[in-house]
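Trainee: I would like to take a close look at a single part of this model. Please treat it as one connected account, and give the criteria as you go.

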Amino acid sequence: MRQSSQEGHLGGIEAFVLVSMFIAVKLFLHIPRELSWAAGTASWMVPLIALVGVVPVFLCIERLANRFGRASLLSIAGLLWGRYVQWFLGLLLTVMLVIHTAYQMRIFAEFTITTLLPNTPISVVIISIALLGLFLAFNGLENLSRSAWLLFPLAITVFILSLFLAGSQGHIYYLSPWLGYGGIAIIETGFRFVGLFKEIMILMLIAPLFRNQKTFRQVGVASLLFTGLIFTLVQIVLHLNFDFPGAREIGFPLYQLARLINLQFVVQRVEPFMVFAWSTVTAVGLAVGLYASAIAATQGSRAPDFRPFLIPLTLLTVVVAFFPESSIEAVHTYTYLMMLLPILFYGLPVITWIWVMIFHRSSEELK
Amino acid sequence: MRTISLCLISLLLILVTSGCSSGRELERTAFVLTMGIDKGVNGNLDLIFRVAIPRSMDIRAGGETSTLQETTKIITVNARSISEGISLASTNVERKLDFRHLRTVLFGEELARDELLYHQLDALERNPEFRRTTYLLLTEGPAREVFLSTRPVLERSVARYIDGIMQNMREQGFGTPVTLHEFVTAMETYHLDPVLPMVKNNPMVQSEKVDSKVKPMPEVKYKRREAGKTEPGGKTTESLPRSGGNPSEFIGLGIFHQGKLIDKWSGWETNSYNLLRDTYQRSMWTFDDPSGHFVYSMELERARSPEANIDWEGGTPHIAIQLSLDGDLRSVQSLEPYVDSQGIALLENHAATLIEKEVRRLIAKAQEKKIDPFFLSRFVRMHMATIQDLEDLNWRDEFSRAQVDVHVSVKIRRPGLRIQPSKEYEYQRAP
């Protein structure tokens, strides 16, 4: 893939923060509640089991990137199956990423209205976050990753502190019965939720931006482990404070956890800090989503620069964000998408890797 | 061109991100500090709102107020639901009613007895203005009566009044603070019956009210009203023999089962409840002296979380509960020289025996009604693997026929600022 002259290489730590934030956006939405629905008291095990399911997929991505000199997956697909397949896969990925980002945008807007800005029209919130995302993405992934890295220490400190304070008020017995709906059920649920980490697919689009294979591999592994740990921690704290019948009905789990922090006269009403962490991660995550859709379109069509795609795709994202008639519909569809999108996001690298292993013996083509 | 574009984008961002459309100016907001809910006529609700008058609390603005009645105003409306009540109340208030600073919600007893209390919680949970850290209280009689008669002894700020009362419950016992979150979680938890702290009007103090002030009654009248009260304060659910102060008393618990208020427990029983439920922090305990005359007092705090071992052998559950307390000796009215190793052990064992007796009595009371507000099932579920096991557990029946052993350990760590009690050298108390 030809990169624009404006696109620089990604630093390891910046890329780790960026990918982690992209994955973690859903944590601030309704997903902790969905995990509680599916796995009851053992919902904290779901991210760990899902992580086990995602590791082989990431290994496929990593092996492919290694074999083709960190070419993007769409370029590899073009090489293997021709430009029309590359174009089609690029289009498919673009559409899926637009839908995914649009639904995240819509749910973010719904939650903002529910909690903070009850009288603000939803269009104002969606357009605002879309403009912010567009601005961040327009300057390229290198700049976006540096912004994310600058915001990360404060956001993670606030986040961990809030979780610690909320957790300290909870009760360990709400985590029992320890296996939720049973051992087999929890493993099955864990694999059903492999989509928790589906955003790791961005690595197959931005592989050319890494300086070397080692950094690429480290970023992937660290992002998966870090987000897996955070997902697990959130579920534990949620269930320390809410017994499972209540946890699965919480409208906005992380925000409501932060609102529970009440250390008598001293520490209370601290949820604005959590809102800061939430807004930061969401803004960066949505910007990465917009960038990813643009870069998929760029690579699919073998265009030289992603920027011409960015504005129309942002516009499309805003349009799709208005599709759901209600918050409930948006949430249901997003959960459904989380189960559906891994078929493409995980299937594509796995099929490509299998194809390469069976039919593609030479590794010299890209050279 | 680039600069102009940036300026235009910045201007647009300022317009759309300022959030002005959801702006709520302080001058246009009426903060509701406490709320009461009573059963009204025709199945409706009577909703009572205590609205703050911020200006009257500001001494710099010329406010000379000293009572809650002067810093707040009470509005009562009859409506079918809380949400409807709020909107109806807004028709006569010139500002928007705002519940973000709501400290407590009081539920009337009739509402709780008629299984209507649970039905009001959804409105409190759903509306983001209500926080789940809001305290809930159950009133003996109508909540509105408590609203109209409450006269904080010192505070004119409702927030400090409520926070102070709740802090006293934690430190002095006789009650247990329950937030909306805790109550709803208790409702949703398997094999647990929720409780609410009680607030009641003291009839003696109530009779001392003249206009809006409480004027302590004369000595003769007080002695006459006090006569016949044989039980120590807090032992029964009756009001304390008391003159002056706040007509409202925060003592005891209301016990719920299947959505209905089924029992009221006294201040002493509340202390035992707190010990078993692990909501106990510290409290003053007063016991009859081992010598048979006078009493002695100890301030005891929780040394460790309660432990329970449940043995299912033989078809009948055996529950062995271990409670650990330690604290300070606060008074020895008998002036007996207990503060040596033998005397301290005597007081400790005596106190432990009396607490055990109280706790056993309360457990038997709960077993009789087939309820478990102590959440003893938590010790069972901690050994469970699946939710199916938890759902299949018939805990209330099992608990009702269980043999319960309670063992209390009391340790006096410090005797206070005095070792043996002071005594006149030649004083001999008449036998």
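Which residues in H5(A) meet which residues in H15(A)?

Mentor: This is a predicted model, in which local features need pLDDT of at least 70 and side-chain atom pairs count only at pLDDT 80 or more, whereas totals for chains, interfaces and linings use all residues. Residues are numbered from 1 along each chain as its sequence is written, chains are lettered from A and ligands numbered from 1 in the order in which they are written, and side-chain values use heavy atoms, with hydrogens and water left out.

On the H5(A) side, the residues that meet H15(A) (contact means heavy atoms within 4.5 Å) are A:Leu89, A:Leu92, A:Leu93, A:Met96, A:Leu97, A:Ile99, A:His100, A:Tyr103, A:Gln104, A:Arg106, A:Ile107 and A:Glu110. Their partners in H15(A) are A:Ser327, A:Ala330, A:Val331, A:Thr333, A:Tyr334, A:Leu337, A:Leu341, A:Leu344, A:Phe345 and A:Leu348. By class, this contact of H5(A) with H15(A) has 16 nonpolar, four polar and two charged residues (Ala, Val, Leu, Ile, Met, Phe, Trp, Tyr, Cys and Pro count as nonpolar, Asp, Glu, Lys and Arg as charged, and the others, Gly among them, as polar).

The helices themselves are DSSP runs (H or I, at least four residues; strands are E, at least two), numbered from the N terminus, with H5(A) covering residues 83–115 and H15(A) covering residues 327–359. The axes of H5(A) and H15(A) lie 10 Å apart, at an angle of about 150° (axes are lines fitted to C-alpha atoms, for helices over the stretch in contact, with angles from 0 to 180 degrees between N-to-C directions). H5(A) and H15(A) are therefore roughly antiparallel (under 35 degrees counts as roughly parallel, over 145 as roughly antiparallel, 65 to 115 as roughly perpendicular and the rest as oblique). H5(A) passes H15(A) in a left-handed crossing (the near helix is turned anticlockwise from the far one by less than a right angle, clockwise being right-handed).

A further helix, H4(A), residues 73–81, packs on H5(A) at an angle of about 150°, with the axes 7 Å apart. That angle makes H4(A) roughly antiparallel to H5(A), and H4(A) passes H5(A) in a right-handed crossing. Here A:Leu74, A:Ser75, A:Ala77, A:Gly78 and A:Trp81 of H4(A) touch A:Arg83, A:Val85, A:Gln86, A:Leu89, A:Gly90 and A:Leu93 of H5(A), and by class this contact has six nonpolar, four polar and one charged residues. A:Leu89 and A:Leu93 of H5(A) thus appear in the contact with H4(A) and in that with H15(A).

H4(A) also packs on H15(A), at an angle of about 40° and with the axes 11 Å apart. H4(A) and H15(A) are therefore oblique to each other, and their crossing is left-handed. From H4(A), A:Leu73, A:Ile76, A:Leu80 and A:Trp81 take part, and from H15(A), A:Leu348, A:Pro349, A:Thr352, A:Trp355 and A:Val356, giving eight nonpolar, one polar and no charged residues. A:Trp81 of H4(A) therefore serves the contact with H5(A) as well as the one with H15(A), given that contact means heavy atoms within 4.5 Å.

One backbone detail belongs beside this group of helices: A:Arg70 is found in the loop between helix H3 (45–67) and H4 of chain A, and its phi is near 55°, a positive value in a residue other than glycine. Most residues other than glycine have a negative phi, and most peptide bonds are trans. Elsewhere in the chain, a cis peptide bond, with omega about -10°, joins A:Ser176 and A:Pro177, and A:Pro177 has its place in the loop between helix H7 (140–168) and helix H8 (183–192) of chain A.
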